[in-house]
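Thanks for coming. I have a few minutes on one structure, and I will go through it region by region.

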Amino acid sequence: MCLRWKLSKDREPLAPAAGENLNVPSLLDAPRVILDSAPASYVDLYLYPPSVNHTLAFDFLEALAMPNEAVPPTDDKAALVRNVFNLASSNFLGLAGDDEVSTEVDAATNKYGVGSCGPRGFYGTIDVHLKLEEELASFVGYKHAVLYSYDVATPQSVIPAFAKKGDVAIVDERCSYAIRSGLALARATVIEFAHNDMKHLEEQLRRVRADRKLVGEKGKRRLYIVVEGVYANVGTVCPLAKVVQLKEAYNFRLYVDDSFGFGVMGHSGRGTFERYGVPVSSVDVYTSSLSNSMGSVGGFCCTHETRMDIFQRLNASGYVFSASLPPLLAAGAIGALRRLRASNGKLPATCRANAAMVRNWLARMTTSTASAAAAAAAAPSPAGAGATAAPPAPAVADGACPDGVLHGLLSVRDGPDGPPKDGDTGASPLVHLELSGRWSEKPWHEQQRAVCAIARRMIVPSGVLVGVPLYSEIEGDHAPTPSLKLCVSSSHTPEALQAALMRLASAAQAELPQAC
């Protein structure tokens with residue numbers, strides 16, 4: 001079906017204003033925290049009470065002027081919670097706050113200051129920007145790389161630069177808001193295919209090729225397949241090898257956003273295409289984020305052709321009109337990229353091994369006891385060689401996974417039946433847990449309130465920080481159901497991850513009956 005995305009008039013509002021209806025949750029029900037330390041494996045944080053009309057922590061400029069040990073204003077009623085196990089930060093390689101990277105950042109701050117003072121084309125280009133672009137292109141395997149100041153703005157800028165009204169994009173239905181908004185700005189014709197369903201994708205490709213109105217009389221309209229390497233809203237991995245086969249068979253261009261795959265997927269962490277052994281030449285446009293595995297800020301776009309590089313620098317709105325990335329953040333990304341290269345695959349392998357262990361445990365915890373026993377027999381080893389040491393965590397005996405404890409309460413979003421069969425070679429470090437059983441039949445707002453309650457109990461008293469994605473009305477029918485988001489890092493130890501999952505089970509069992 002050919003369509004343009006639009007908001008559904010029948011969909012209930014996702015985030016009603018506080019006090020509008022006391023029977024439904026607002027954004028104030030979500031646990032609100034501000035970190036008081038670097039986003040490492042364990043963090044100190046300020047936790048705000050629920051349903052209080054407080055300011056969002058304290059103003060950033062005020063925070064800079066306050067001493068490190070200062071507490072937020074008393075009006076905000078925030079409590080300081082220390083030594084919380086961090087499963088919320090997408091710091092997949094543990095490089096945010098890394099000592100070597102921090103040294104690079106300090107040196108860049110002393111040399112350049114804290115800002116760039118202009119867009120890239122107007123006094124905003126610094127030597128570290130050019131160096132980062134050069135190193136990114138070399139590492140990923142492209143001829144060119146273009147740096148952007150904000151990761152979400154990267155697809156929103158790149159897609160409209162290369163696609164225009166009349167062009168056709170066949171898009172996975174679970175693609176993130178950044179991609180969908182980029183397509184809306186491009187005014188391209190958008191056709192969806194079912195998530196990771198290669199049969200449906202081929203049907204849509206065949207349908208477009210047979211429609212002369214879509215292809216154009218002279219066949220000169222640009223045709224794209226748009227996917228994510230690791231889907232931000234799902235946590236699943238795109239079967240990129242099959243996508244490339246179809247792309248070449250039907251002569252489409254391929255756009256891949258690998259914001260959650262870059263740095264983790266593949267032996268060296270080059271991305272999802274490396275995980276499948278796909279030649280980099282098969283991916284026409286490759287975008288990713290520097291905010292996840294690199295522990296910095298910003299995004300980048302890699303292309304093979306010089307004209308595509310030049311065209312972005314002249315037409316991509318996020319490059320032309322936005323102030324360039326602060327040099328200190330570019331220097332931090334360079335340092336993180338070099339640390340990744342120097343690890344010779346050890347950092348991404350450890351992250352994937354930890355992710356496989358977490359997914360194996362969750363497969364057993366969320367299925368019935370009989371199914372969990374079968375899953376345990378087929379599960380790969382949970383240990384990840386080379387995991388970075390972390391502060392002590394409650395010990396969990398080997399094989400002590402509480403089988404079936406979450407059955408009928410939570411499930412892995414679009415998870416497979418049982419553990420991943422490929423062990424740590426392709427396990428996604430991003431996991432979404434959504435309500436299951438009778439809880440999944442409840443209204444959207446009740447589900448959101450339930451996952452928020454679990455997340456808050458995870459912090460206090462359980463001492464584990466997990467994410468709760470929030471979605472705007474702008475998402476429309478594409479907003480996923482409420483979930484808990486878990487981000488697994490190479491800096492986590494298997495023992496600490498197992499202890500966190502057991503605390504998750506306790507929190508879910510305690511809160512879900514109350515959410516009925």
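**Aspartate 414 and its surroundings**

Aspartate 414 counts as partly exposed, because its relative accessibility is 37%. Before I go on: what you are looking at is a predicted model.

Aspartate 414 sits in the loop between β12 and β13. What does aspartate 414 touch, leaving out residues up to four places away in sequence? The contacts are Arg174, His195, Val234 and Thr236. Valine 431 is 17 residues from aspartate 414 in sequence, and the two C-alpha atoms are 9.9 Å apart.

**The antiparallel sheet**

The strands on either side of that loop belong to an open sheet of three strands, in the order β12-β13-β15, with antiparallel pairing. Which are the edge strands? They are β12 (410–412) and β15 (483–487), each of which pairs on one side only. Ignoring direction, neighbouring strands of this sheet are turned by 30° against each other on average.

Five bridges hold the antiparallel pairing of β13, residues 430–435, with β15. Within that pairing, histidine 432 stands opposite lysine 485 of β15. Helix α15, residues 444–459, packs on the sheet and touches β13 and β15. The direction of α15 makes about 40° with that of β15.

Past α15 there is a cis peptide bond, from valine 460 to proline 461, with omega near 15°. Proline 461 lies in the loop between α15 and β14 (464–465).

**The parallel strands**

Now to β8, β9 and β10. Strands β8 and β9 run parallel and are joined by five bridges. Isoleucine 225 has leucine 254 in β9 as its bridge partner. Together with helix α8 (residues 240–250), β8 and β9 make a right-handed β-α-β unit.

On to the pairing of β9 with β10, residues 285–289: these strands also run parallel, here with three bridges. Tyrosine 255 stands opposite valine 285 in β10. Is β9 enclosed or open? Four of its five residues are buried, so β9 is largely enclosed by the rest of the structure.

**Helix α5**

One element that packs against β8 and β9 is α5. How many of the 10 residues of α5 are buried? Seven are, so to speak of the helix, residues 177–186, as mostly covered is fair. The buried residues of α5 are Ala178, Ile179, Arg180, Ser181, Gly182, Leu183 and Ala186. Besides β8 (223–228) and β9 (253–257), these buried residues pack against α4 (153–162), β6 (168–172) and β7 (189–193).

Arginine 187 comes just after α5, in the loop between α5 and β7. Arginine 187 is not a glycine, yet its phi is positive, about 60°.

**Cores**

The largest nonpolar core has 88 residues. Which of them touch the most other members? They are Val140, Leu201, Val208, Val227, Leu254, Phe262 and Tyr286. Leaving out residues up to four places away in sequence, leucine 201 touches Ile170, Phe193, Ile225, Val243 and Leu246. Another core lies apart from the largest one; it has 43 residues, including Val405, Leu433, Ala455 and Ala505.

**Aromatic pairs**

A search of the whole structure gives 10 aromatic pairs. One of them is phenylalanine 262 with phenylalanine 300, edge-to-face, at 5.2 Å centre to centre and 70° between the planes. Phenylalanine 262 is in the loop between β9 and α9 (272–275) and phenylalanine 300 is in strand β11 (residues 299–303), so this pair ties together parts 38 residues apart in sequence. Both phenylalanine 262 and phenylalanine 300 are buried.

For phenylalanine 273 and tyrosine 286, the ring centres are 5.6 Å apart and the planes are at 85°, so that pair is edge-to-face. With phenylalanine 273 in helix α9 and tyrosine 286 in strand β10, the pair ties together parts that are 13 residues apart in sequence. Phenylalanine 273 and tyrosine 286 are both buried. These four residues belong to one aromatic cluster, made up of Phe139, Tyr142, Phe262, Phe273, Tyr286 and Phe300.

**Asparagine 344**

Last, asparagine 344, in the loop between α12 (327–342) and α13 (346–365). Asparagine 344 is not a glycine but has a positive phi of about 55°. Is asparagine 344 buried or exposed? It counts as exposed, because its relative accessibility is 64%.

Conventions
Residues are numbered from 1 along each chain as its sequence is written. This is a predicted model: local features need pLDDT of at least 70, side-chain atom pairs count only at pLDDT 80 or more; totals for chains, interfaces and linings use all residues. Side-chain values use heavy atoms; hydrogens and water are left out. Buried means under 20% relative accessible area, exposed over 50%, partly exposed in between (1.4 Å probe, protein chains only). Helices (H or I, at least four residues) and strands (E, at least two) are DSSP runs, numbered from the N terminus. Contact means heavy atoms within 4.5 Å. Two strands pair if DSSP finds at least two bridges between them. A crossover is right-handed if, with the strands pointing away from the viewer, the path from the first strand over the helix to the second runs clockwise. A nonpolar core is a set of buried Ala, Val, Leu, Ile, Met, Phe, Trp, Tyr and Cys residues joined through side-chain atoms within 4.5 Å. Axes are lines fitted to C-alpha atoms, for helices over the stretch in contact, and angles run from 0 to 180 degrees between N-to-C directions. Rings of Phe, Tyr and Trp (its six-membered ring) pair if their centres lie within 6.5 Å; planes under 30 degrees apart count as stacked, over 60 as edge-to-face and the rest as tilted.
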